[in-house]
Amino acid sequence: MIPENGDVQVALRAKYYQGPRPKAVEVEVACLADGLEIRFPSPNAPEKRIWPLKGIQPEHPGDGKLIIAYGAAAAREYLEFQDINALEQLGRSYPGIKWQKGIRGRHLWLALSSLAVLAISLVFLAYFFGLPRLADSAAAAVPMEWEMDLGKQISERTLSGLRIDETRSRWLDTFFAFMEIPSDYPIRLYYAQDSLVNAFAMPGGAIVIYSGLFDRLSGPEALAGLVAHEYAHVEKRHSLKSLFRSLGGFLVLSAVFGDLTGLAGLLVDNAN
């Protein structure tokens, strides 16, 4: 492995370190036939040192600079090259010698790991923060006519599985009319014979009150508070937003691919 310009090439600038607490010494490094010659310009330093090629080991770069080492751990020596073309120069002088310690592979692994963490973080943020907001915005943009048609389909399927008391349901409708709450929705109340202590509102204006809850009310004022509470769910589209949030993934895919034809049917199927 004879250098291309004779026995000694143009010297490379470097910093020399030795020992457990080394102090940087400015040196010049020349390429010899079988190793590196380190020259110390300081008058108090040794005249030169020779590093045979077989004892030189590559190190991980510091601040992007080329670093190589030589010797045993106790008296280990290091060279930190200052010339930006040092790696190219050494590569030309000594073909086949490894002067860097897996830099590309290490950087590639770090880059891929960082990208994976970033992708997972973005998916997490989109699912738990972006998707609910998107679903709410989509629900708010639904025309009232579409919501009422959807609500009709949902209420028909839901009410078919309940024991509705028609007489008491009409009484509840009359009670709501006396409350004189202005609304663009056709509010319709249903009295369901069931011991379940609950009430709920559906998109479009249908409200169901179970007998289990109705029987626990203390009087008209309590009923008025319950009806007003359920009406607020209708007015604020809470039920529609809840459906859109539950099916947010399908909603996003449908929006991306421009196909909302199956959305209404899916919402009805999952209305429970």
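## Salt bridges, a pocket and a nonpolar patch

With a relative accessibility of 68%, E180 counts as exposed, because anything over 50% falls in that class. This residue sits in the loop between α4 and β8. Its backbone deserves a look too: E180 has a positive phi of about 55°, although it is not a glycine. Please keep in mind while reading that this is a predicted model.

A second residue with a positive phi is R237, at about 60°, and it is not a glycine either. R237 is found in the loop between α6 and α7. Is R237 buried or exposed? At 11% relative accessibility it counts as buried, because the cut-off for that class is under 20%.

R237 also leads us to the salt bridges, of which the structure holds eleven. Three of these pairs are set out here.

| Pair | Closest N to O distance |
|---|---|
| R237 and E147 | 2.8 Å |
| E37 and K48 | 3.4 Å |
| R188 and E166 | 3.9 Å |

Let us begin with the pair in the top row, where R237 forms a salt bridge with E147. R237 lies in the loop between α6 (220–235) and α7 (238–246) while E147 belongs to helix α3, so the bridge ties together parts that are 90 residues apart in sequence. E147 counts as buried, with a relative accessibility of 1%, and R237 is buried as well, at 11%.

Next comes the salt bridge between the side chains of E37 and K48. It links distant parts of the chain: E37 is in strand β3 (residues 35–39) and K48 in strand β4 (residues 48–52), eleven residues apart. How accessible is E37? It counts as buried, at 9% relative accessibility, whereas K48 is partly exposed, with a relative accessible area of 45%. The pair has company too, for E37, R39 and K48 are linked in a network of salt bridges.

In the bottom row, the side chains of R188 and E166 meet in a salt bridge. This pair again links distant parts of the chain, with R188 in strand β8 and E166 in helix α4 (residues 166–179), 22 residues apart. R188 counts as partly exposed at 25% relative accessibility, and E166 counts as partly exposed at 42%.

R188 has another place in this picture, since it is among the residues that line the second largest pocket. That pocket has a volume of about 180 Å³. Which element gives the most to its lining? The answer is α3, with five residues. Both α3 (144–159) and β8 (188–192) supply at least two lining residues each. The lining includes M148, G151, K152, S155 and E156, as well as P186, Y190, P203, G204, G205 and A206. By character, the lining residues divide into five nonpolar, four polar and three charged.

Finally, let us turn to the surface. There, L112, L115, L118, L122, F124, L125, F128 and F129 form a nonpolar patch, with about 840 Å² of accessible area together. L118, one of the members of this patch, has its place in helix α2 (residues 103–141). How does L118 count in terms of accessibility? At 46% relative accessibility, L118 is partly exposed, because its value lies between the 20% and 50% limits.

Key: Residues numbered from 1 in each chain as written. Predicted model: local features only at pLDDT ≥ 70, side-chain atom pairs only at ≥ 80, totals over all residues. Heavy atoms only, no water. Patch = residues over 30% accessible without salt bridge, like charges linked within 9 Å, V, L, I, M, F, W, Y side chains within 5 Å. Areas by Shrake-Rupley, 256 points an atom, 1.4 Å probe, with all protein chains shown as cover. Salt bridge = Lys/Arg side-chain N within 4 Å of Asp/Glu carboxyl O. Helix = DSSP H or I, 4+ residues; strand = E, 2+ residues; numbered from the N terminus. Buried < 20%, exposed > 50% of the residue type's maximum accessible area, 1.4 Å probe, protein only. 1 Å grid on protein atoms, 1.4 Å probe; cavity = no way out; pocket = protein on both sides within 12 Å on 5 of 7 lines; lining within 4 Å. Points joined across faces, edges and corners; volume = space filled by probe spheres on them. Nonpolar A, V, L, I, M, F, W, Y, C, P; charged D, E, K, R; others polar.
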